[in-house]
Amino acid sequence: MTEGGCLDYLTIQSVVDNEEVDQAAVEHLAKCSACKEQEKEIRSIVIYANQLACEEKLPAEFYKRLSDDLTYKPFPALLFALLMFATAISSAYIIEPGYFYWWLTVGMTSTIGLFMDAFFELLYFGFNTEPVWIILLLAALVLVEVIALSGIKRLEGVVK
Amino acid sequence: MKNMVEAHGDSVYHLALRYTGNRNIAQDITQETFLKAFKGIKSFDQNRPARPWLLKIAGNLCKNYLRDNREIPVEHIETIEKPDQSDPEQLYINQESENELIRAVKKLPDKYREVIMLKHVIDLNYSEICEVLGLELSLVKNRLYRGRLILKDTLMNQGGIIE
Ligand SMILES: [Zn+2]
């Protein structure tokens, strides 16, 4: 309450908002015209602002959409990255064992950073990509590898 | 999970609807709110009410949306379903004054708008608003009062219908 016994504006606002206030405040408001005037003013803006309330319901299919999103499991990324890695290595071995041994000894030490980076990129990629693209990419990788290694063989005269 | 959506989905949706003025975006925000909530449910104290927590997530998403889409005019805001709108003339008057109101709310500084939204869109009480916004009771009361005053001044300057 203010010094003159009248209510402060926050108390009057609390009354308008149906919040808990002292019984004395309620009693004062009931008989003080100055406070009542202020109450009327606050109430008018409250009633106006209450137009912001809405009645709309979420569409019926909302819950289904949400649970679909929650149960969506991305293609197992780790498996995908391992698969790519294993395919690259095993196809290298099948096409040309010599290069595979070279890579395991000299090549791997010099390019290990590159391979680790590639591995994590693939892992990230696996989380965000549809399986069909992953399989296509895998096939493309093997194809590139076959072409590249066959090219090297031809260059070095392994294939006549 | 279904219970949580059934109990609080509409409140979250209403808040998003008033912030964005667009049903599709409001549904997206509601969806994202629940996705975030379910991901963070382990860190949430299950003994506490879920509504303030959900509204806090939703409010932040809405504010991010507004920050990135400041220029949406009120004319592009979709008409929102309200009760008792059978009389077309009354519907027109209501829609006009509602648009005035939305224009005025859009002009409010963030700190007042968030309190006004929680009070008038969701009808939260003071202590719930405190919980959603992490503010002291006195600050909530003050911001609500200041926000309403600014709203009233803005409406009067716009030549709005308020008396
Ligand atoms: Zn008084």
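Trainee: Why is B:Glu128 called partly exposed?

Mentor: In this predicted model, B:Glu128 has a relative accessible area of 22%. Buried means under 20% and exposed means over 50%, with partly exposed in between, so B:Glu128 counts as partly exposed.

Trainee: And what makes B:Glu128 and B:Arg51 a salt bridge?

Mentor: Their closest N and O atoms are 3.5 Å apart. The cut-off is 4 Å between a side-chain nitrogen of Lys or Arg and a carboxyl oxygen of Asp or Glu, so the pair qualifies. B:Glu128 lies in helix α6 of chain B and B:Arg51 in helix α3 of that chain, so the bridge ties together parts that are 77 residues apart in sequence. B:Arg51 is partly exposed too, with a relative accessible area of 21%.

Trainee: Good, now to the pair B:Asp10 and A:Lys57. How do you know that their side chains meet in a salt bridge?

Mentor: From N to O, the distance is 3.4 Å, and the rule asks for within 4 Å, so B:Asp10 and A:Lys57 pass. B:Asp10 sits in helix α1 of chain B, while A:Lys57 is in the loop between α3 and α4 of chain A, so this pair joins two chains.

Trainee: Is B:Asp10 buried or exposed, and why?

Mentor: B:Asp10 is buried: its relative accessible area is 19%, and the limit for that label is under 20%. Its partner A:Lys57 has 60%, and because exposed means over 50%, A:Lys57 is called exposed.

Trainee: What other salt bridge links the chains, and what distance supports it?

Mentor: A:Arg65 forms one with B:Asp28, where the closest N and O atoms are 3.4 Å apart. Across the interface of chain B and chain A the rule finds five salt bridges, and over all chains the count is 14.

Trainee: Which salt bridge can you show me within helix α4 of chain A?

Mentor: Try A:Asp68 and A:Lys64, with closest N and O atoms 2.8 Å apart. The two are four residues apart in that helix, so about one helical turn separates them. A:Lys64 counts as exposed at 53% relative accessibility, whereas A:Asp68, at 40%, is partly exposed.

Trainee: Back to the interface: how much area do chain B and chain A bury between them?

Mentor: About 3,800 Å², with 60% of it on carbon and sulfur atoms. In chain B, the residues that lose the most area to chain A are B:Gln31, B:His120 and B:Tyr145, together 18% of what that side buries.

Trainee: How many residues does the contact take from each chain?

Mentor: Chain B gives 46 residues and chain A gives 31. There are also 21 residue pairs in polar contact across the interface. On the side of chain B that touches chain A, the elements giving two or more residues are α1, α2, α4, α5 and α7 of chain B. The residues of that side divide into 21 nonpolar, 11 polar and 14 charged.

Trainee: What makes up the secondary structure of chain A?

Mentor: Seven helices and zero strands, so along the sequence the pattern reads α-α-α-α-α-α-α.

Trainee: And what share of chain A is buried?

Mentor: Buried residues make up 32% of the 160 residues in chain A. The accessible surface of chain A comes to about 10,500 Å², and 67% of that belongs to carbon and sulfur atoms.

Key. Residues are numbered from 1 along each chain as its sequence is written. Chains are lettered from A and ligands numbered from 1 in the order in which they are written. This is a predicted model: local features need pLDDT of at least 70, side-chain atom pairs count only at pLDDT 80 or more; totals for chains, interfaces and linings use all residues. Side-chain values use heavy atoms; hydrogens and water are left out. Contact means heavy atoms within 4.5 Å. Buried area is the accessible area (1.4 Å probe) that two parts lose on being put together, summed over both. A polar contact is a pair of N or O atoms within 3.5 Å; within protein, one must be able to donate a hydrogen and the other to accept it, and residues adjacent in sequence count only if both atoms are side-chain atoms. Ala, Val, Leu, Ile, Met, Phe, Trp, Tyr, Cys and Pro count as nonpolar, Asp, Glu, Lys and Arg as charged, and the others, Gly among them, as polar. Buried means under 20% relative accessible area, exposed over 50%, partly exposed in between (1.4 Å probe, protein chains only). Accessible areas come from the Shrake-Rupley method with a 1.4 Å probe; for residues, only the protein chains shown count as cover.
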